[in-house]
Amino acid sequence: MDTSKVKAPWKDYLGEVPFTLDYFSGTMYEAVLQIAEKYPDFIAYDFMGKATKYKTFVREINRCAGALKALGLKENDCVTIAMPNCPQALKMFYAVNLAGGICNMVHPLSAEKEIEFFLNESKSKIAVTLDQFYEKFACIRGGTGLETLIITSIKDELPPHLKFGFALTEGRKSKKLPANAEIVFWKDFLRLYTGKVQGLERRAEDPAVILYSGGTTGTTKGILLSNYNFNALSGQVIATNPMFRPGDRMLAAMPLFHGFGLGVCVHTMLTQGGRCILIPRFTAESYAKQIVKYKCNFIAGVPTLYEALLRIPSMDGADLSSLKGVFSGGDSLSVELKKKFDSFLSEHNAAVQIREGFGLTECVTASCLTPFHMAKEGSIGLPFPDTYYKIVKPGTDTELPYGEEGEIVISGPTVMMEYINQPQETAQTLRRHGDGLIWLHTGDLGVMDEQGFIYFRGRAKRMIISSGYNIYPGQLENILDANELVHMSCVIGIPDPYKMQKVKAFVMLEPGVPETEETKDALISYCRRHIAKYAMPCDIEFRAELPKTLVGKVAYRVLEEEEAAKRGL
């Protein structure tokens, strides 16, 4: 693409990071195969105490791909993968790619109707899930075109000494499957492999993955991504982290249905010779334990994870000197939390600081990152190689001057192919500008300074308008979170007959702080000192916990719905 007309002020501030890269030109599977041939005896992933080498991983992918072909999988057929982070999910992901299909990635904890939507939206004829989620699929199967449901279990991948213990504990929680269930068990599925894989000629530009997101307008959409999108991301992540070496360990706790977990924690590692530490059931405690146990070199998470790690007793005295990179994404990292976690890292012998990135599922995941050699307070960093950012007047292609707030738009090799079955939404989001490039209109607000550093200001769609004033909840949350009494906050707009909307804050207090009127008065007094009168919260409600989304963000929409229900709206 011709980028000669695009400004790139960050070009002189990249340090060791190249401005442009050469990208792998094959499929995702071929990228893994290439690294497996180079490092056959390196460990690809660890799961519940069992390590699997690259050569074994590729052999098992081939077996799985052959079984899929025996089931009748054709080019561009979708296979739904509703699995936690476990070996079967990884094998199926790359096997579908080898067999010429498209992976439809779904959270296994999704509601039944959501699963039905995902199956129908992708037209999936094959799905794989765990035995404990069988009933969800059985309930909605009649309303879909699903022909083959493959059922597996965590115990299928456990080392022998753990299988018995699993059966006595976790296994008892799962209901016994009906004798007449129309399913194919994982072991029977693999027996369909005849010893030969009839692969298809696939290109880097071919569709490979569907991930789901609220999109830039807040309604659930399937985002179609190519082999090239994922392989380009892999190259960019490694280029922006030149300290990475093959064999380095990455904690893969972020889920596979999320671009951050799938693109960074798994695919980047498996195409570069890294080692994934798979965590099937995420808790902050399990996350903390595995960091120390495996002496992880890289970890990634959302801000709520990092604030949780600050409070886990098992981290007291933990040695984190192995860490080379700590990444935050998926939500805004407040300046206060960054300061706290950087101090935490230093106190635990880590020589690194947390680095914030920014992106969205429409470009797989992160597309810019705080450089390892310099940082600016409040900035989300500089664009990845071959990725361009502009700040434009919202809804237009008119570029704004440095320092002026507008909509963030992105162009580069990881930008999605389309929203599936949504040509109008695709056309609104992917637009060709006067410079000839296709730009992804994010719906997010930000600022770029004269050195190209990007500052996230909030979602355009998450904005409170009160008496004509624009109020950004993320900015108020940063102010509240900086107070010593506050552990976490969430700000929403509630209806008001005079102002149209007014501000309400939900606050989770620090342990030991009483939920009293005195505490509320102290916070209101604090807010008056830091927040403009028109943006002041009309009320502060204390909560023991704040609702979270499936990927760990604070679910502000849940709070909005609760408030609407109270008012009978």
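Two strands count as paired here if DSSP finds at least two bridges between them. With that in hand, let's look at one sheet in this predicted model.

Three strands make up an open sheet, ordered 25-26-27, and the pairing is mixed. Strand 25 (486-496) and strand 27 (537-542) are the edge strands, each pairing on one side only. From one strand to the next, the twist averages 25°.

Strands of a sheet pair through backbone hydrogen bonds, either parallel or antiparallel. Strand 25 goes antiparallel with strand 26 (residues 500-509), over 10 bridges. If you want a spot to zoom in on, V491 has A505 in strand 26 as its bridge partner.

Now for the helices. Helix 15 (residues 473-481) lies across strand 25 and strand 26, running at about 145° to strand 25. Helix 17 (residues 556-566) also packs on the sheet, where it touches strand 25, strand 26 and strand 27. The direction of helix 17 makes about 45° with that of strand 25.

On to the cysteines. How many disulfides does a search of the whole structure find? Zero. The cut-off is a pair of cysteine sulfur atoms within 2.5 Å, and here is how two cysteines stand:

| Cysteine | Nearest cysteine sulfur | Distance |
|---|---|---|
| C276 | that of C265 | 8.0 Å |
| C368 | that of C363 | 9.4 Å |

Are C276 and C368 buried or exposed? C276 counts as buried because its relative accessibility is 0%. C368 counts as buried too, because its relative accessibility is 0%. For reference, the buried label applies under 20% relative accessible area.

Conventions
Residues are numbered from 1 along each chain as its sequence is written. This is a predicted model: local features need pLDDT of at least 70, side-chain atom pairs count only at pLDDT 80 or more; totals for chains, interfaces and linings use all residues. Side-chain values use heavy atoms; hydrogens and water are left out. Helices (H or I, at least four residues) and strands (E, at least two) are DSSP runs, numbered from the N terminus. Axes are lines fitted to C-alpha atoms, for helices over the stretch in contact, and angles run from 0 to 180 degrees between N-to-C directions. Contact means heavy atoms within 4.5 Å. Buried means under 20% relative accessible area, exposed over 50%, partly exposed in between (1.4 Å probe, protein chains only).
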